[in-house]
Amino acid sequence: QVQLEESGGGLVQPGDSLTLSCAASGPTFSTYAVGWFRQASGKEREFVGAIAWSGYSTRYGDSVRGRCTVSRDNAKNVASLQLRDLRPEDTAVYYCAAGGYDNHPGSYTYWGQGTQVTVSS
């Protein structure tokens with residue numbers, strides 16, 4: 001069993017950078033990939049990025065590639081998402097999830113509650 005909790009969201013201005021954290025509890029966190037997804041109001045959940053259990057492989061969604069870095073520290077049971085050059089279209093609730101290393105939400109078993117990110121001047 002893995003429990004996840006996101007933090008670090010808030011109101012930011014266009015062009016800013018933001019780092020979201022995902023704190024995990026449970027002894028098996030290090031055996032799962034971590035995915036980051038976001039869901040804007042009225043839209044489907046969108047893949048942002050993922051990192052393999054080892055931390056040696058990452059993948060990113062098309063809308064954030066080049067502006068996003070996903071990392072993890074298995075010793076601390078924490079994963080992070082850094083998003084740079086934020087745009088109003090990045091406004092969404094951001095979720096971290098643990099499960100398979102994939103772009104699809106259905107591959108992930110455990111989910112956090114989400115943290116709101118609002119990009120506005």
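Phe37 is buried (under 20% relative accessible area, with exposed meaning over 50% and partly exposed in between; 1.4 Å probe, protein chains only), at a relative accessible area of 0%. The structure is a predicted model, in which local features need pLDDT of at least 70, side-chain atom pairs count only at pLDDT 80 or more, and totals for chains, interfaces and linings use all residues. Residues are numbered from 1 along each chain as its sequence is written, and side-chain values use heavy atoms, with hydrogens and water left out.

Phe37 belongs to strand 4, which covers residues 33–39. Strands here are DSSP runs of E with at least two residues, helices are runs of H or I with at least four residues, and both are numbered from the N terminus. Between Phe37 and Pro14 there are 20 Å from C-alpha to C-alpha, at a sequence separation of 23 residues.

The table lists strand pairs; two strands pair if DSSP finds at least two bridges between them.

| Strand pair | Sense | Bridges |
|---|---|---|
| Strand 3 (residues 18–25) and strand 8 (residues 78–83) | antiparallel | six bridges |
| Strand 7 (residues 68–73) and strand 8 | antiparallel | six bridges |
| Strand 2 (residues 10–12) and strand 11 | parallel | three bridges |
| Strand 9 (residues 92–99) and strand 11 | antiparallel | three bridges |

Strand 8 pairs with strand 3 and also with strand 7. Towards strand 3, Gln82 of strand 8 stands opposite Thr19. Towards strand 7, Val78 of strand 8 is the bridge partner of Asp73. Strand 7 and strand 8 form a hairpin with four residues between the strands, and Asn77 in this hairpin has a positive phi near 55 degrees.

Strand 11 spans residues 115–119. Strand 2 runs parallel to strand 11, and Gly10 has Val117 as its bridge partner there. Strand 9 runs antiparallel to strand 11, with Val93 opposite Gln116. The side chains of a regular strand alternate between the two faces of the sheet. In strand 11, Thr115, Val117 and Val119 make up the covered face, while Gln116 and Thr118 make up the uncovered one. Val117, the partner of Gly10, is thus listed on the covered face, and Gln116, which faces Val93, is listed on the uncovered face.

Ser121 lies in the segment after strand 11. Ser121 counts as exposed because its relative accessibility is 82%. Ser121 and Gly9 are 112 residues apart along the chain, and their C-alpha atoms are separated by 16 Å.
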